[in-house]
Amino acid sequence: MGFGNHRSNSTIKNPEELALFINTRASHVAQTSLYGYLRTRAGTRFPELFENPDIMISINMAKWHIWLACVSDLCVFTGLLIHQSNRINLQEINNLMSSVLDRIVQDTEIPQEAGEDIVAATEKTRQRINSFDWAQDYDDDSIFSQSPEALYYWSPIADELKTRDEEIVRNSVRFRWIEVRRSARQLLDIDAFFASKSEARQVSTSDIA
């Protein structure tokens, strides 16, 4: 994914920086969750997984689907933080977070190794954002629902083993989101964010004139 080791702690002041924050954090959570689970299950044979072409195909597909699920959850969470500032209406938050998702997907250039299903998964993520009820109160578990499901479903582990591990696997992702949520609240500068959006509107209006 390429972004996992470049997690910036810079203040989030505009949609571009929000997209970077979501992408880097989603990449980090996806990779550490997936590889951590594989390492736990494979033990000392973990390096051998990357020497098996068939297993690598499954790992590559899994990491992209888990990454996208992480992007989905974090888009919704940060969108809620922005909407709760009471400075943006429902249609505007839909448009904003949809454009952030589009930027992330465009900047990432998802490869063919992600598999054909990634297209439908991306569209499902877009639909989730567009249909999300931003006005409701949500707890963190209900927001961060897609990433635990994706890790459990896509991890290339035998089904009988995953069944035993289900609670641990899902909780491992939820635990990793704790620090990310804290960072999002600390780094998101609402005043600067809406100032940048206001300036963008003024520039756009000037261009049209």
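# A guided tour, starting from a charged trio

Select D102, E123 and R126 to begin: these residues are linked in a network of salt bridges. Keep in mind throughout that you are looking at a predicted model.

**Stop 1: the E123–R126 pair**

Zoom in on two members of that network. The side chains of E123 and R126 meet in a salt bridge, with an N to O distance of 3.2 Å. Now show the helix that carries them. Both residues sit in α5, three residues apart, which means that about one helical turn separates E123 from R126. In general, an α-helix has 3.6 residues a turn, so residues three or four places apart point the same way.

Next, turn on the surface. Are these two side chains buried, partly exposed or exposed? E123 is partly exposed, at 34% relative accessibility, and R126 is partly exposed as well, at 22%.

**Stop 2: the whole chain**

Zoom out and colour by secondary structure. You will find nine helices and zero strands in the protein chain. Reading along the sequence gives α-α-α-α-α-α-α-α-α.

Switch to a surface view for the overall numbers. The chain exposes about 11300 Å², and carbon and sulfur atoms supply 48% of that area. Of its 209 residues, 44% are buried. If you draw a contact map, look away from the diagonal: among contacts between residues at least 6 apart in sequence, 78% join residues at least 24 apart.

**Stop 3: the nonpolar core**

Hide the surface and select I22, I82 and M97. Within the largest nonpolar core, which has 58 residues, these three touch the most other members. Then display the helices that give two or more residues to this core: α1 (15–42), α2 (46–49), α3 (53–83), α4 (90–108), α5 (117–131), α7 (146–154), α8 (159–187) and α9 (190–208). Which of them gives the most? That is α3, with 17 residues. As a general point, nonpolar side chains in soluble globular proteins tend to be buried together.

Centre on I82 and show what surrounds it. Leaving out residues up to four places away in sequence, I82 touches L18, I88, I93, L96, M97, L188, I190, F193 and F194. M97, another of the three residues you selected for this stop, is in that list.

**Stop 4: a polar residue under cover**

Stay with α3 and select S72, which lies in this helix. S72 counts as buried because its relative accessible area is 3%, under the 20% cut-off. What does S72 contact beyond its neighbours within four places in sequence? Its partners are T125, R128 and Q146.

**Stop 5: along α1**

Move to α1 and put a ruler from its first C-alpha to its last. The helix has 28 residues and reaches 40 Å, close to the 40 Å expected at 1.5 Å a residue. At the start of α1, show N14 and E16: a side-chain oxygen of N14 comes to within 3.1 Å of the backbone nitrogen of E16.

In this part of the sequence, also select K13 and E17. They form a salt bridge in which the closest N and O atoms are 3.5 Å apart. E17 is partly exposed at 26% relative accessibility, and K13 is partly exposed at 33%.

Now go to the other end. α1 is followed by G43, which has a positive phi near 65°. From there, select R45 and E48, whose side chains meet in a salt bridge at 3.3 Å, N to O. R45 is exposed, with a relative accessible area of 54%, whereas E48 is partly exposed at 42%. To put these pairs in context, a search of the whole structure finds 14 salt bridges.

**Stop 6: two loop residues with positive phi**

Open a Ramachandran plot for the last stop. Most residues other than glycine have a negative phi. Where would you look for exceptions to that tendency? Try the loop between α3 and α4, where N86 is found, and the loop between α4 and α5, which holds E109.

N86 is not a glycine, yet its phi is positive, near 65°. E109 is likewise not a glycine and has a positive phi of about 55°. Bring back the surface to finish: N86 counts as exposed at 70% relative accessibility, and E109 counts as exposed at 63%.

Definitions and conventions. Residues are numbered from 1 along each chain as its sequence is written. This is a predicted model: local features need pLDDT of at least 70, side-chain atom pairs count only at pLDDT 80 or more; totals for chains, interfaces and linings use all residues. Side-chain values use heavy atoms; hydrogens and water are left out. A nonpolar core is a set of buried Ala, Val, Leu, Ile, Met, Phe, Trp, Tyr and Cys residues joined through side-chain atoms within 4.5 Å. Buried means under 20% relative accessible area, exposed over 50%, partly exposed in between (1.4 Å probe, protein chains only). Helices (H or I, at least four residues) and strands (E, at least two) are DSSP runs, numbered from the N terminus. Contact means heavy atoms within 4.5 Å. The expected span of a helix is 1.5 Å times one less than its number of residues. A polar contact is a pair of N or O atoms within 3.5 Å; within protein, one must be able to donate a hydrogen and the other to accept it, and residues adjacent in sequence count only if both atoms are side-chain atoms. A salt bridge is a side-chain nitrogen of Lys or Arg within 4 Å of a carboxyl oxygen of Asp or Glu. Accessible areas come from the Shrake-Rupley method with a 1.4 Å probe; for residues, only the protein chains shown count as cover.
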